[in-house]
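User: Please take a close look at the strand pairing in this model. Then connect it to the rest of the chain and to the ligand.

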Amino acid sequence: MTDDCIFCSIVAGDIPARTVAETDEALAFLDANPMSPGHTLVIPKAHRSRVADLSVEESRAVFDLVHELAPEIAAAVDADAHTIGVNDGPDAGQEVPHAHVHVIPRFADDDGGPIHVAAGSRPDLSDDELDAIASSISGE
Ligand code: AMP
Ligand code: ZN
């Protein structure tokens, strides 16, 4: 619990939220300013700023709830699809510094795009550059 965190305040029950599901370690509630009907946030109950700050168990708890809820959200709002994603860090657009997964119902006739548009234009990377990045990530 972090006193000045709005999502910790929701977990504590100090501010209201439209809770749709809860487990021991995760909570799901409707986004107060939704991108589409049914836009839901799934959070760890413990204050964790970024995805990498979650324990493996917390990470599983959050994604398990995403997995369970996605079809239920779609059915509730008659959605055709979802965009499921995390703004992981301020440079990626994270405004609330308590990690959260957005589950955004999508519709065939909405005016949104794929998640790729979130990252701007594509870099022109050579095979060597891609090989070097893969090696750097894998540590091999
Ligand atoms: P992000 O930019 O990924 O940090 O997204 C934060 C999200 O939290 C936004 O979509 C907000 O609409 C949502 N949000 C902020 N405050 C609340 C709140 N009190 N209850 C529900 N959703 C909220
Ligand atoms: Zn918090």
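Analyst: Contact here means heavy atoms within 4.5 Å. Angles between axes compare N-to-C directions and run from 0 to 180 degrees. The model is a predicted one.

Start with the whole chain. Its secondary structure amounts to three helices and five strands. Read from the N terminus, the elements follow the pattern α-β-β-β-α-β-β-α. The C-alpha trace covers about 50 × 40 × 25 Å along its principal axes.

Now the sheet itself. It is open, and five strands build it in the order β1-β2-β3-β5-β4. Pairing is antiparallel. The edges are β1, residues 19-22, and β4, residues 81-85. Each of these two pairs on one side only. On average, neighbouring strands are turned by 20° against each other, direction ignored.

Take the β1 end. A hairpin of three residues links β1 to β2. Three bridges hold this antiparallel pair. Within the pair, Thr-19 faces Phe-29 of β2 across the ladder.

Move on to β3, residues 40-44, and β5, residues 101-106. These two strands also run antiparallel, and three bridges join them. Leu-41 is placed opposite His-102 of β5. One general point helps in reading side chains here. In a regular strand, side chains alternate between the two faces of the sheet.

What lies across the sheet? Helix α2, residues 56-77, does. The strands it crosses are β1, β2 (26-30), β3, β4 and β5. Against β3, α2 runs at about 165°.

The ligand brings His-102 back into view. This residue is among the closest to ligand 1, together with Asp-31, Glu-95, Val-96 and His-100. In total, 16 residues surround ligand 1.

Three polar distances stand out for a set-up check. A polar side-chain atom of Asp-31 sits 2.5 Å from an oxygen atom of ligand 1. From Glu-95 the partner is a backbone atom: this polar atom is 2.7 Å from a ligand 1 oxygen. Asn-87 offers a polar side-chain atom at 2.9 Å from an oxygen atom of ligand 1. On its own, ligand 1 exposes 500 Å², and the protein buries 82% of that area.

Last comes helix α3, residues 127-138. Its 12 residues reach 16 Å from first C-alpha to last. That is close to the 16 Å expected at 1.5 Å a residue. Gly-139 follows α3, with a positive phi near 75°.

To tie the parts together: the sheet runs β1-β2-β3-β5-β4, and α2 lies across its five strands. His-102 belongs to β5, opposite Leu-41, and His-102 is also one of the closest residues to ligand 1.

Methods
Residues are numbered from 1 along each chain as its sequence is written. Chains are lettered from A and ligands numbered from 1 in the order in which they are written. This is a predicted model: local features need pLDDT of at least 70, side-chain atom pairs count only at pLDDT 80 or more; totals for chains, interfaces and linings use all residues. Side-chain values use heavy atoms; hydrogens and water are left out. Two strands pair if DSSP finds at least two bridges between them. Helices (H or I, at least four residues) and strands (E, at least two) are DSSP runs, numbered from the N terminus. The expected span of a helix is 1.5 Å times one less than its number of residues. A residue is near a molecule or strand if one of its heavy atoms lies within 4 Å of it. A polar contact is a pair of N or O atoms within 3.5 Å; within protein, one must be able to donate a hydrogen and the other to accept it, and residues adjacent in sequence count only if both atoms are side-chain atoms. Accessible areas come from the Shrake-Rupley method with a 1.4 Å probe; for residues, only the protein chains shown count as cover.
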